[in-house]
Amino acid sequence: MTQFDLTEDQRAIQDMAQRFTADAITPFAGEWDEKHIFPRDTIKSAAELGFGGIYVSEASGGIGLGRLEAALIMEAMAYGCPSTSAFISIHNMAAWMIDRFGSQALKDKYLPSMIPMDRIGSYCLTEAGSGSDAAALKTQAVREGDHYVVTGSKQFISGGGENEIYVVMVRTGEDGPKGISCLVIEKDMDGISFGAQERKLGWHSQPTAQVNFDGVRVPVDNLVGAEGEGFRIAMMGLDGGRLNIGACSLGGAQRCIDEAVRYTKERKQFGQAIADFQNTQFMLADMLTELEAARTLLYAAAVKVTENAPDKTRFAAMAKRLATDTGSSVVDRALQLHGGYGYLMDYPVERFWRDLRVHSILEGTNQVMRMIVARDMLRQ
Ligand code: FAD
Ligand code: 2MC
């Protein structure tokens, strides 16, 4: 993997994540995908390296790194399994929201078990009727004394049914973004239930399910930030999440480039290695060039999010859009270079093709990313 002006510490973190991936993820990821295995033990091992609280502050027990370091870790783990890497990213987003906006009591209540991933976090924004238009969400939280009574349903929740902690965006006030608040809800609270596991094209190593709330009584103390701040908190969480999803595409695409180089050097047709055809060489050259360009933008955006730069949201959106579209396009070309064998599960490329496809859809579709960028451009 090429370097982008990384410090010695950043290289050490990248190296640690790459070694962890080579030992604990890459050899097993194909089986996780094929048999739909959720690798909870491996996720727990990742947390032992600090990956359960990458940008949670050290004061709260996290490893307090920046967003570029987080992207390096996600990219490295996605080289083995984009689905598992992304799952760990979502947990990090939820833990960060509690650390950044929660009261001290809330942090004390949840983070000590979340950082080691004894309890794993989900992020719950999407509903059946509000996907891209997230501010239209309808899940209600009505205050009754010291509790909110929560009723509604969240769609497509990563970790749904498996995870213990749900960071949930709910409506406590008026229509639109200003009436939204953020609550921490536990899996075993009365009135919470889960839909059947979704049957998906990819991301087989992690569960996805609807999460239903039927009069769930949640202590008022479980509010993250103030009432009405939930949408902003959710969006700030996604600024980082989108970088990580982009990084997962970079890692997956890099793996497929490496697989394509190896395969095209070995595979012979017309009496020569297919790597000797100029078409193959030009394809490989374009794949790497485009991936490096996307990687450079993503790392730059990550630094902006760490530094809380005024244009961080625009950069995170641009980087997510470019990295995920480029990643999928690179993997598609790697599959083509494998010919018919690329379509078989005997080679890993088809798994990456399926896993990366959803990165252009979730954590905001790539159309929504363009909307964010264009709105910001036209506002100025
Ligand atoms: P829609 O919003 O209905 O969009 C359909 C199409 O219309 C898209 O192409 C979209 O880009 C386009 N479109 C919509 N509005 C506009 C517009 N204004 N201009 C141009 N085009 C537009 N959500 C969570 O909250 N937590 C999770 O953990 C989570 N995990 C997920 C895991 C998986 C496997 C999947 C598939 C989804 C997950 N999601 C999760 C939900 C995901 O974020 C949404 O699917 C996504 O935001 C899109 O919403 P939607 O599916 O309702 O599509
Ligand atoms: N940081 C801080 N504040 C933000 C923000 C950000 N990144 N983005 C928006 N806000 C604020 C914004 O400033 C505004 O506040 P104010 O009125 O005080 O200025 C408020 O939030 C409302 O913002 P908008 O007016 O932009 O809201 P709008 O309703 O137009 O929608 C949009 C914005 C489309 C960008 C948002 O709904 C969106 O991101 N949709 C996509 C949903 C999404 O990404 N879902 C992902 C679910 S998670 C997932 O998929 C997983 C796998 C975990």
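From which domains does the shell around ligand 1 draw at least three residues each? In this predicted model, the domains in question are domain 2 (121-228) and domain 3 (231-379), each of which provides at least three residues to the shell around ligand 1. The report below treats the two ligand sites in turn.

**Ligand 1**

Ligand 1 is surrounded by 17 residues, and those that come nearest are Tyr123, Thr126, Ser132, Phe156 and Thr365. Three of these residues make polar contacts with the ligand. The side chain of Thr126 places an N or O atom 2.7 Å from a nitrogen atom of ligand 1. Ser132 also uses its side chain, with a polar atom 2.7 Å from an oxygen atom of the ligand. Phe156, by contrast, takes part through its backbone, where an N or O atom lies 2.7 Å from a nitrogen atom of ligand 1. On its own, ligand 1 has 970 Å² of accessible area, of which the protein covers 65%.

The site of ligand 1 is the largest pocket. Two or more residues of its shell come from each of strand S1 (121-124), strand S3 (147-158) and helix H11 (366-379). Strand S3 gives the largest share, three residues. Sorted by class, the shell around ligand 1 consists of nine nonpolar, six polar and two charged residues.

**Ligand 2**

Around ligand 2 there are 26 residues, with Ser132, Lys178, Arg242, Glu363 and Arg375 coming nearest. Ser132 is thus among the nearest residues of ligand 2 and also among those of ligand 1. The polar contacts of ligand 2 include a side-chain contact from Asp239, in which a polar atom lies 3.2 Å from a nitrogen atom of the ligand. Glu363 contributes a polar backbone atom, 2.7 Å from an oxygen atom of ligand 2. In Arg375, a polar side-chain atom is found 2.9 Å from an oxygen atom of ligand 2. The protein covers 73% of the 1100 Å² of accessible area that ligand 2 has on its own.

Ligand 2, too, occupies the largest pocket. Helix H5 (82-101), helix H7 (230-266) and H11 each give at least two residues to the shell around it. The most come from H7, with seven residues. By class, this shell contains 15 nonpolar, five polar and six charged residues. Because domain 2 (121-228) and domain 3 (231-379) both give residues to the shell around ligand 2, the ligand lies between them.

**Polar contacts of the two ligands**

| Ligand | Residue | Part of residue | Ligand atom | Distance |
|---|---|---|---|---|
| Ligand 1 | Thr126 | side chain | nitrogen | 2.7 Å |
| Ligand 1 | Ser132 | side chain | oxygen | 2.7 Å |
| Ligand 1 | Phe156 | backbone | nitrogen | 2.7 Å |
| Ligand 2 | Asp239 | side chain | nitrogen | 3.2 Å |
| Ligand 2 | Glu363 | backbone | oxygen | 2.7 Å |
| Ligand 2 | Arg375 | side chain | oxygen | 2.9 Å |

Technical notes:
Residues numbered from 1 in each chain as written. Chains lettered and ligands numbered in written order. Predicted model: local features only at pLDDT ≥ 70, side-chain atom pairs only at ≥ 80, totals over all residues. Heavy atoms only, no water. Near = heavy atom within 4 Å. Polar contact = N/O pair within 3.5 Å; in protein donor to acceptor, adjacent residues only side chain to side chain. Areas by Shrake-Rupley, 256 points an atom, 1.4 Å probe, with all protein chains shown as cover. 1 Å grid on protein atoms, 1.4 Å probe; cavity = no way out; pocket = protein on both sides within 12 Å on 5 of 7 lines; lining within 4 Å. Sits in = over half its atoms within 2 Å of the grid points. Helix = DSSP H or I, 4+ residues; strand = E, 2+ residues; numbered from the N terminus. Nonpolar A, V, L, I, M, F, W, Y, C, P; charged D, E, K, R; others polar. Domains from an automatic or database assignment.
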